[in-house]
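Let's take a walk through this structure together, starting with the whole and then stopping at a few spots. Keep the 3D view open as you read.

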Amino acid sequence: MSVSLSGSRPSGRGAKDRPGLQAALSRLLGGHGQLPVVFREAPEPALLSTVSGRIVEINPAMRAGIESSRLEPTQRDLGSWLCAVLDCDVSLLYRLSRGALSFGFSLEQVRELGSERLVYLAASRVEDGLLLWRILPVDQVASAVLPAGGDNYGVAPFAYLRLQDGPEPQHNPRFRELFDTDPAAVIEQIMDADGLLMPGRHRLRVRGGEDRLMRVFVPGGREADAEHCEIFIFDLTADEAAGGGAVSDLDDLPSALLQLLPDGHVLSMNTQARRALADRLSPGDNLADVISCRGRPLTALFEEARSGAGQGQVDMVYLTGEGAEKPLQITVSPSRSDGGNTMVAVLNDASELQSLQDKYAQSQKMEAVGKLAGGVAHDFNNLITAINGHCDLLLLGKDATQAEYSDLMQIRQNANRAAALVRQLLAFSRKQTLNPTMLSPSDVISDTLYLLDRLIGDRVRLSVDPDPSGRLGAILADNRQLEQALMNLVVNARDAMPRGGTVTISTRRRRFRSDVEREGSLIPAGDYVELAVADEGTGIDEATIGKVFDPFFTTKAQGEGTGLGLSTVYGIVSQSGGFVFAENRPEGGACFRMLFPRIEPQEATEAKPETMSSPDLTGQGAVLLVEDEAAVRSFATRALR
């Protein structure tokens, strides 16, 4: 049949010229041309129309809703009245009228014009081609269902279930079509842990094992008596099934928002949520398919939020799947829509936070290892001093011809190696005693050049690239410790080129006009002297470049390195007030750059203190020796005597 909602009169006689329609109106309205009292006095807007779309009567609530519009009170066109208060069109009204004529009732969710509030427009078949239209809040939709199709809504397009004491539960054909005759299976799916029914959207298991997203209405809401109540189950509209709803309408927000069912299935999500989840999830999928919560299932987090125990709590989760895991922060709260059975989740990218936490944990670990190394080095140094001292005492009066001489020399040499290891530990822990003086890095390089040539061997060539300006400046550092740092870097560069190559030591003057953040360190603005050591090896793997200064970390084979060389450099430079960085060179190889604050050389010499003559006290007085380590005290006492 052809249905017109434009307001134009259909061909043929009008309503008042048709005796059948006039009689139906008289029976329905009691002969007074008005809506029934129950609808005339209802707080929700309602009107009665013919199938062709001509309005028969309007209740006061509907009239009040359009007072601010330009609609003339005499206008009798259904489309004009409804479109004046709702964001709808003629095609939607046509669908609703056809559904009401075919099944007795139909409804769709629409938005109030000029606001974000969602309501339902319901159409019900009355008699002789009359339609009742009502605008209802979400929680009152069940009351709009009219039993036009017979008892228990026999021809209704929705599933109906009535629970009651005594007789068997009643259900209509649509319910049996979807769920057989087992009401318990449906009740279990819409009941919470406290035994309360949960109106709203649910993913229900229907015949054939299919999970279908449907809307459940329970008059009385969660407080309804589960043993004596009515339950209406509707198929979702196309917009709802596609994920339409409050969350999907917030696409412009910078936060990632998702609306979820209690089991984790996604009802809707905004653009930021799709971006945060790398477009790997769609409405209808389960969030647990792409998100993991370490230590417990994701559903436990949802259950805590619904119970109120974890509401507002921020948890760390991880986006699994392709590539490395991506850390995310999630906050889950119960939603007030849909009877409170849905949840809203807010996602935030936690990659930067995770990086900061890792750096903080690394700094804590370095500090702890430094304290341990400093304490061990102090005690170990006492042992080495005692061994070296007593070895020197045994060597007194002996020469190379004696059998024990070579054994004592081996003990002394290994003790000296152990002492060098102790110095490295103290440098790493920044507890060695420094004697900083004003010195020129160029002079330090010149003084150690001969020793460096011997260290690198024949296959590696040493090259020096001084600052071309000739005005490098001076730095404040311990000369011996700076030499040690330079030697460690050169040896590290040599080991990175087993087939030979060139190690380049360069000096440059650097100026930073503003504070610069680099690799977690803040370099204050000012003038600096850069001392760099570069090689022509294969470079540093990106996965390990952030660990090269960690104590005992080494990429060398077992027995070929202690893992303390670069960490010692880090300790020396840091204790001298400088910075050290590792990087890969574009042309190949690696480069280690040490930055020290630049100091202008002072031309003036300090005045020599006046010398005072003192009396000769040779052979007089006593020496007080204070030492807490017994072995060191014994050696020192014998040596002094």
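**A guided look around**

At 33% relative accessibility, Arg510 counts as partly exposed. Keep that arginine in mind, as we'll come back to its partner later. One thing to know up front is that this is a predicted model.

Let's step back to the whole chain. It comes to 16 helices and 25 strands. Of its 641 residues, 40% are buried. The chain exposes about 34600 Å² to its surroundings, and carbon and sulfur atoms supply 50% of that area. If you count contacts in the chain with a separation of 6 or more, 55% of them join residues 24 or more positions apart.

Now for the salt bridges, of which the structure holds 19. Back to Arg510: its side chain meets that of Glu530 in a salt bridge, 3.2 Å from N to O. This pair links distant parts of the chain, with Glu530 in strand β23 (residues 526-534) and Arg510 in strand β20, 20 residues apart. Is Glu530 buried or exposed? Glu530 counts as buried, because its relative accessibility is 6% and buried means under 20%. The two also belong to a wider group: Arg510, Arg518, Glu519, Glu530, Glu583 and Arg593 are linked in a network of salt bridges.

Strand β20 has another link to show you. Arg508 forms a salt bridge with Asp465, with the closest N and O atoms 2.7 Å apart. Here, too, distant parts of the chain are linked: Arg508 sits in strand β20 (residues 501-512) and Asp465 in strand β18 (residues 460-465), 43 residues apart. Asp465 itself is partly exposed, at 31% relative accessibility.

For one more salt bridge, find Arg117 and Glu112, whose side chains meet at 2.4 Å, N to O. Arg117 is partly exposed, with a relative accessible area of 41%, and Glu112 also counts as partly exposed, at 23%.

Next, have a look at a sheet. Five strands form an open sheet in the order β7-β6-β10-β9-β8, with antiparallel pairing. Why do β7 and β8 each have one side without a neighbour in the sheet? Both β7 (170-171) and β8 (200-205) stand at the edges with a single partner strand each, so one side is left free of a neighbour. For β8, follow its pairing with strand β9 (residues 211-217), which is antiparallel and runs over six bridges. Within that pairing, Arg201 has Arg215 in β9 as its bridge partner.

What about the helices? In α15 (residues 565-575), the buried residues are Leu566, Ser567, Thr568, Val569, Gly571, Ile572 and Val573. Just after α15, Gly577 takes a positive phi of about 85°. Over in helix α11 (residues 351-395) you'll find Val376, which is partly exposed with a relative accessible area of 44%. Together with Phe380 and Leu383, Val376 makes a nonpolar surface patch of about 240 Å².

Last stop: the cysteines. A disulfide is a covalent bond between the sulfur atoms of two cysteines. How many disulfides does the structure hold? The structure holds zero. Take Cys88, which is in no disulfide: the nearest cysteine sulfur, that of Cys83, is 3.8 Å away. Cys88 counts as buried, at 15% relative accessibility, and Cys591 also counts as buried, at 4%.

Key. Residues are numbered from 1 along each chain as its sequence is written. This is a predicted model: local features need pLDDT of at least 70, side-chain atom pairs count only at pLDDT 80 or more; totals for chains, interfaces and linings use all residues. Side-chain values use heavy atoms; hydrogens and water are left out. Patches are made of residues with over 30% relative accessible area and no salt bridge: like charges are joined within 9 Å, nonpolar side chains (Val, Leu, Ile, Met, Phe, Trp, Tyr) within 5 Å. Accessible areas come from the Shrake-Rupley method with a 1.4 Å probe; for residues, only the protein chains shown count as cover. A salt bridge is a side-chain nitrogen of Lys or Arg within 4 Å of a carboxyl oxygen of Asp or Glu. Helices (H or I, at least four residues) and strands (E, at least two) are DSSP runs, numbered from the N terminus. Buried means under 20% relative accessible area, exposed over 50%, partly exposed in between (1.4 Å probe, protein chains only). Two strands pair if DSSP finds at least two bridges between them. A disulfide is a pair of cysteine sulfur atoms within 2.5 Å. Contact means heavy atoms within 4.5 Å.
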